[in-house]
Amino acid sequence: MLDHLGSMGLNQLLVRFLINKKLMPLVFGANFTLKIPVYISNIDTLKNGAVYPLYYASWNTSGADSGYLNVGTFASNVTGKNATISANTPITASTFNADPANSTVAKVTNNKGETVTQEFASKTPGTYNVTLTADGYGDTTFTLTVTNGGGTGGGSTGGNTGTTTVPATPLTPATNVPTNSSSSSSTTSSSSSTPTTTTKPSTSVGPNIAVKGEAVYATKKIALYKNTNFTKANRIAWCPKQKRISRPMFVVTGYKRTSNGTLRYKVRDVNHGRKTAGKTGYITASRKYVVPVYYASVPKSKKITVIAKKGINTYKSANLTGKAKHYKKGVRLTVKKLVKHNLTTRYQLGNGHYVTANKKLIIAGNY
């Protein structure tokens, strides 16, 4: 049951919208998006009695008195905390301790409500509203304070404000990590001795190394450790080898080397439903075991196949807004080019629409 928060129902609101003669020529025979708070009850998959944002309303009609309305809601929004950073500090999801950690910055506005770039905000002291977005979650806006120096990122003040957006494709959560550690040995790139020096690059430390804020996943069995000394005593949890759609995922928050120079990723576990979700630690940086979650090139065949259990959506813009069409698992799509969006990537299809390049949701080629 969907009821508008007020005396006017959705259908009544829609009718009043359509009969406005000034708007009628714009909507007949076309789709448009409404962002209206709705009260939802008697839906088993959502919390009964909770208020969720209506993230899309697609209206199709050929006349003033016919058509249908599709509506939907997010199960949850991006969460995190307001933050304070020093000038010249990159603004990423980790700045706000965002969950999911692969959230990206959708919009930044100054205290006058004017849209500014991430680069401008990161270099210019002041107060900003930063909206984070993620596939399958509602957008959330956080307050960011940029100082001349001495600020610390990652939630200095707490609190957040939810916003609404169009639907996006949800990530499939990884399965739980076994609580025992009876497996034979760690499959990290090398054994190491006591950690010493720390490298602090602004993005990455070399080719084939993930940049800070980028999402990576494990293609083989690895483990999460308390520090760069990969021993049984320092092991937090094993991350067993999983099928592609369930591979354990992490967000890189920093780097550190062992005394013999072996690079480790400092990461945050972003595998929802696992006991280690939200924990921080160290994993191998070897490409034999850990690779970026998002594709970085167009496949030679220019074909991709949907592997997400619930399928994926295509969108009208690269920030995955303006839902265009839904495709079920197994559907093959032709891509034209790869488009970067913050620390993620999208594929642009031949029809100009965009789709996520997340390897847990799609795979290159005719799969």
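The chain folds into three helices and 24 strands. Keep in mind that this is a predicted model. Of the 367 residues, 47% are buried. If you take the contacts between residues at least 6 apart in sequence, 63% of them join residues at least 24 apart. On the outside, the chain exposes about 17700 Å², with carbon and sulfur atoms supplying 50% of that area.

Before going into details, check the confidence. Mean pLDDT for the chain is 73, and 63% of the residues reach 70 or more. Residues 39-71 have pLDDT below 50, although this stretch still has 96 contacts in the model beyond near neighbours in sequence. Residues 150-204 are also below 50, and there the count of such contacts is 184. Where pLDDT is low, the predicted coordinates should not be read in detail. So treat the contacts of those two stretches with that caution.

Now to the interior. The largest nonpolar core has 20 residues, and the members touching the most others are Val78, Ile91, Phe96, Val108, Val130, Leu132 and Leu144. Four strands each bring at least two residues to this core: S5 (83-86), S6 (104-109), S8 (126-133) and S9 (140-147). For a closer look, pick Ile91. Setting aside its neighbours within four places in sequence, isoleucine 91 is in contact with Ile85, Phe96, Val105, Val130 and Leu144, and also with Gln118, Ala121 and Ser122.

How are the strands around here paired? S6 and S8 run antiparallel and are joined by five bridges. S8 and S9 are antiparallel too, with seven bridges between them. You can step across these strands through one residue, asparagine 129. On one side, asparagine 129 in S8 is the bridge partner of threonine 109. On the other, asparagine 129 has threonine 143 in S9 as its bridge partner.

Two threonines elsewhere in the chain are worth a visit. Start with threonine 276, in the loop between strand S15 (263-269) and strand S16 (280-284). Is this loop residue buried or exposed? Threonine 276 counts as buried, because its relative accessibility is 8%, below the 20% cut-off. Its side chain has polar company: there is a 2.8 Å polar contact with the side chain of aspartate 269, and another, at 3.0 Å, with the side chain of arginine 274. Aspartate 269 turns up again among the contacts of threonine 276 beyond four places in sequence, alongside Ile236 and Ala237.

The second is threonine 344, which sits in strand S22 (residues 344-349). With a relative accessibility of 4%, threonine 344 is classed as buried. What does its side chain find for a polar partner? A polar atom of the threonine 344 side chain lies 2.8 Å from the backbone oxygen of histidine 341. Leaving out neighbours within four places in sequence, threonine 344 is in contact with Asn102, Thr104, Tyr294 and Val339. Threonine 344 also shows how the chain brings separated positions together: glutamate 214 is 130 residues away in sequence, yet the C-alpha to C-alpha distance between the two is 7.5 Å.

Note on methods
Residues are numbered from 1 along each chain as its sequence is written. This is a predicted model: local features need pLDDT of at least 70, side-chain atom pairs count only at pLDDT 80 or more; totals for chains, interfaces and linings use all residues. Side-chain values use heavy atoms; hydrogens and water are left out. Buried means under 20% relative accessible area, exposed over 50%, partly exposed in between (1.4 Å probe, protein chains only). Contact means heavy atoms within 4.5 Å. Accessible areas come from the Shrake-Rupley method with a 1.4 Å probe; for residues, only the protein chains shown count as cover. A nonpolar core is a set of buried Ala, Val, Leu, Ile, Met, Phe, Trp, Tyr and Cys residues joined through side-chain atoms within 4.5 Å. A polar contact is a pair of N or O atoms within 3.5 Å; within protein, one must be able to donate a hydrogen and the other to accept it, and residues adjacent in sequence count only if both atoms are side-chain atoms. Two strands pair if DSSP finds at least two bridges between them. pLDDT is the predictor's confidence in each residue, from 0 to 100.
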